[in-house]
Structure formats: C-alpha cells, structure tokens
Amino acid sequence: MNGNHQVEHVVEPDDSELQLAIRAFSLQEGGVQAPQAAPGGADSMQHFLVLIGHASARLNSGALADDAIADLVRRGLDRDTAQVVVDKAVDVVASNRA
C-alpha cells in the first residue's frame, strides 16, 4: 500500500454516520480501548472517509476551511483531528475541481 491514494468521490454522510465517526475518533483520541469502542484499521479508515465527506460537502457549499474545522469541533471532534480532516478535504475538493 502506498501513500498516494486519492479519494476521488466523497459523499456527504447523514447525521448518524457523522456522529458515529466523531464518537469513534473521540474514543481513539481519548485513549479508550474497550474491545468494541475504538475502531480497527478498516473501520478507522471508513470513519475518516465519513469525516472527509462531511468536510468536503461544507467546502463545496462555500464554507472556508476554518468554518469547516469549527463545524467539526462543534459536533464533538477535537481540533487537531478536525484540522487533519479538513486539510485532506481541501485536497479532495481541489482535486475534484481540477
């Protein structure tokens, strides 16, 4: 597996998918390692894609990156993770526009 994977198509998640992804990342960041609480590798990637889908949708609708970060933080994601998600979403949106 190389680091050159490009997400070409993202879909805005529904609210329940988004909240599940945020909870999963919050559990990971908080150090909670209950057997079914923190996601594994594939689940973690799926949750990350859900977060990117939400951030990309916000950016596509005209939001600035700072607004997309603030939205994710308001929904419960920590600021550092929100920054990483939005940085990737900016790349995805730019790639899709090119």
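**Helix packing around Ile-69, Leu-72 and His-54**

Ile-69 is placed in helix H3, and in this predicted model the residue counts as buried because its relative accessibility is 4%, under the 20% limit used for that class. Leaving aside neighbours within four places in sequence, the contacts of Ile-69 are with Arg-79, Ala-82, Gln-83 and Val-86. For one of these partners, Ala-82, which lies 13 residues from Ile-69 along the chain, the separation between the two C-alpha atoms is 5.4 Å.

The wider setting of these contacts is the secondary structure of the protein chain, which comes to four helices and zero strands and which, read along the sequence, follows the pattern α-α-α-α. Of the 98 residues in the protein chain, 35% are buried. Among contacts in the chain between residues at least 6 apart in sequence, those that join residues at least 24 apart account for 66%. The accessible surface of the protein chain amounts to about 6,000 Å², and carbon and sulfur atoms contribute 50% of that area.

Two packed helices are described by the angle between their axes and the distance between the axes. For helix H3 (residues 65-74) and helix H4 (residues 79-97), the angle is about 135 degrees and the axes are 9 Å apart. The two helices H3 and H4 are therefore oblique to each other, since an angle has to be over 145 degrees to count as roughly antiparallel. The crossing in which H3 passes H4 is right-handed. On the side of H3, the contact is made by Ala-65, Ala-68, Ile-69, Leu-72 and Val-73, while H4 supplies Arg-79, Ala-82, Gln-83, Val-85, Val-86 and Val-90. Sorted by class, the residues in this contact of H3 with H4 are nine nonpolar, one polar and one charged.

Leu-72, found in helix H3, is also a member of the contact between H3 and H4. With a relative accessible area of 0%, Leu-72 is buried. When residues up to four places away in sequence are not counted, Leu-72 touches Leu-18, Leu-51, His-54, Ala-55, Leu-77, Ala-82, Val-85 and Val-86. The C-alpha atom of Leu-72 is separated by 6.0 Å from that of Ala-82, a residue ten positions away along the chain.

Helix H3 also packs against helix H2 (residues 41-60), with axes that come within 9 Å and cross at roughly 135 degrees. That angle makes H2 oblique to H3, and the crossing of the two helices is right-handed. The residues that make the contact are Leu-51, His-54, Ala-55, Arg-58 and Leu-59 of H2, together with Ala-65, Asp-67, Ala-68, Asp-71 and Leu-72 of H3. By class, the contact of H2 with H3 divides into six nonpolar, one polar and three charged residues.

His-54, which lies in helix H2, takes part in this contact with H3 and is buried, its relative accessible area being 5%. Apart from residues up to four places away in sequence, His-54 touches Glu-12, Pro-13, Leu-18, Asp-71, Leu-72 and Arg-75. His-54 and Ala-89 stand 35 residues apart in sequence, and their C-alpha atoms are 8.7 Å apart in space. A further histidine, His-47, has its place in helix H2 as well, and at 13% relative accessibility His-47 counts as buried. Between His-47 and Ala-24, which are 23 residues apart in sequence, the distance from C-alpha to C-alpha is 7.4 Å.

The packing of H2 with H4 has an angle of about 60 degrees and axes 8 Å apart. H2 and H4 are therefore oblique to each other, given that 65 degrees is the lower limit of the roughly perpendicular class and that roughly parallel angles are under 35 degrees. H2 passes H4 in a crossing that is right-handed. In this contact, H2 is represented by Phe-48, Leu-51, Ile-52, Ala-55, Ser-56, Leu-59 and Asn-60, and H4 by Val-84, Val-85, Val-86, Lys-88, Ala-89, Val-90, Val-92, Val-93 and Arg-97. The classes represented in the contact of H2 with H4 are twelve nonpolar, two polar and two charged residues.

Notes
Residues are numbered from 1 along each chain as its sequence is written. This is a predicted model: local features need pLDDT of at least 70, side-chain atom pairs count only at pLDDT 80 or more; totals for chains, interfaces and linings use all residues. Side-chain values use heavy atoms; hydrogens and water are left out. Axes are lines fitted to C-alpha atoms, for helices over the stretch in contact, and angles run from 0 to 180 degrees between N-to-C directions. Angles under 35 degrees count as roughly parallel, over 145 as roughly antiparallel, 65 to 115 as roughly perpendicular and the rest as oblique. A crossing is left-handed if the near helix is turned anticlockwise from the far one by less than a right angle, and right-handed if clockwise. Contact means heavy atoms within 4.5 Å. Ala, Val, Leu, Ile, Met, Phe, Trp, Tyr, Cys and Pro count as nonpolar, Asp, Glu, Lys and Arg as charged, and the others, Gly among them, as polar. Buried means under 20% relative accessible area, exposed over 50%, partly exposed in between (1.4 Å probe, protein chains only). Accessible areas come from the Shrake-Rupley method with a 1.4 Å probe; for residues, only the protein chains shown count as cover.
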